[in-house]
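Grab a pencil and open the viewer. Below are a few exercises, each with a solution worked through in steps.

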Amino acid sequence: MSSILVEFHNGVAKIIFNRPEAFNSFNREMALRLQETLDKCTVDTNVRAIILTGNGKAFCAGQDLKEVTSPELNPGFRKILEEHYNPIIERIRTIEKPIIAAVNGVAAGAGANIALACDIVVAAEHASFIQAFSKIGLVPDSAGTFFLPRLIGFQKASALMLLGDKVDAKQAESLGMLYKVFNSDTFEEDYMKLATQLSKMPTKALGLTKRLLNNSMTNTVTEQLALESELQIEAAESEDYAEGVTAFVEKRKPIFKGK
């Protein structure tokens, strides 16, 4: 059975981590397959929004420790980081389509940080997040030290990473780690509704907005203003902008095509 499943729903690609017996922890095969799947979603013009979620009780428990403790399987930490997690985070941030992390259960270690790298994070009420690295003598990876302090502030991020405290979904929402908590009973329905909404929006503009947000992490105000001007001009040349303005004038709902 494949470690990554993909379902397509009216412009939405739902990518499912599928190692439930291992709490969807990553081994090499799963990491490489996720990258391949994200690459396909990038070039597929029918895909206008992407969901990452897990099968079973967990979203993703991070690295499969059985792999790194088995001499015949262990690829080594350099390969794990440079060929597995770093390329996954790079893809999540550079794909100019909205990516939702639908956290259906525990998100630990690299699994938590992959979720935090997504554009919108939603969680079921019973979900939880844990920076588990310090529990086994490691440091956070998968851009956790980049995103978490920016989301919740230096002090909170420092404490969570040093202590390895588990944060439940409601706490995560109040801290600013995620967008919204949904009822566990209707979780899939709720996040699919959100993804479908995004898939019908002007994909070009959403992608350019994502690029602006990425650059805002390091740009000066002057640099950001210049980039906003450049990308606003690009957005104004899109078919979706023309449709949006026409629909506004005609007092009807726009039909965006993502172009």
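Two strands count as paired if DSSP finds at least two bridges between them, and strands (E, at least two residues) and helices (H or I, at least four) are DSSP runs numbered from the N terminus. This is a predicted model, where local features need pLDDT of at least 70, side-chain atom pairs count only at pLDDT 80 or more, and totals for chains, interfaces and linings use all residues. Residues are numbered from 1 along each chain as its sequence is written, and side-chain values use heavy atoms, with hydrogens and water left out.

**Exercise 1. Find the strands that pair with β3, and work out how buried β3 is.**

Step 1: Start with β5 (residues 99–103), which runs parallel to β3 and is joined to it by 4 bridges. Ile 50 has Ile 99 as its bridge partner in β5.

Step 2: Now go to β2 (residues 12–17), which pairs with β3 in the parallel sense over 6 bridges. Here Thr 53 of β3 is the bridge partner of Ile 16. To get from β2 to β3, the chain passes through helix α1 (residues 28–43), and this β-α-β crossover is right-handed (with the strands pointing away from you, the path from the first strand over the helix to the second runs clockwise).

Step 3: Check burial, where buried means under 20% relative accessible area, exposed over 50%, and partly exposed in between (1.4 Å probe, protein chains only). In β3 (residues 49–54), 6 of the 6 residues are buried, so the strand is largely enclosed by the rest of the structure.

Step 4: Sort the side chains. In a regular strand they alternate between the two faces of the sheet. Ala 49, Ile 51 and Thr 53 point one way from β3, while Ile 50, Leu 52 and Gly 54 point the other way.

**Exercise 2. Place β3 in its sheet, then find the edges.**

Step 1: Read off the order: β1-β2-β3-β5-β7-β10, an open sheet of 6 strands with mixed pairing.

Step 2: Look for strands that pair on one side only; these edge strands are β1 (4–9) and β10 (180–182). On average, neighbouring strands are turned by 25° against each other, direction ignored (axes are lines fitted to C-alpha atoms, for helices over the stretch in contact, and angles run from 0 to 180 degrees between N-to-C directions).

Step 3: Zoom in on β10, which pairs with β7 (residues 120–124) in the parallel sense over 3 bridges. Lys 180 of β10 stands opposite Val 122.

**Exercise 3. Do the same for the other sheet, the one with β4.**

Step 1: The order is β4-β6-β8-β9, an open sheet of 4 strands with mixed pairing. Its edge strands are β4 (58–60) and β9 (166–168), and the twist averages 20° from one strand to the next.

Step 2: β4 runs parallel to β6 (residues 106–108), with 2 bridges joining them. Cys 60 stands opposite Ala 107 in β6.

**Exercise 4. Is Ser 25 buried or exposed, and what does it touch?**

Step 1: Find Ser 25 in the loop between β2 and α1.

Step 2: Its relative accessible area is 4%, so Ser 25 is buried.

Step 3: List the contacts (heavy atoms within 4.5 Å). Not counting residues up to four places away in sequence, Ser 25 touches Arg 19, Met 30, Ala 61, Gly 62, Gln 63 and Asp 64.
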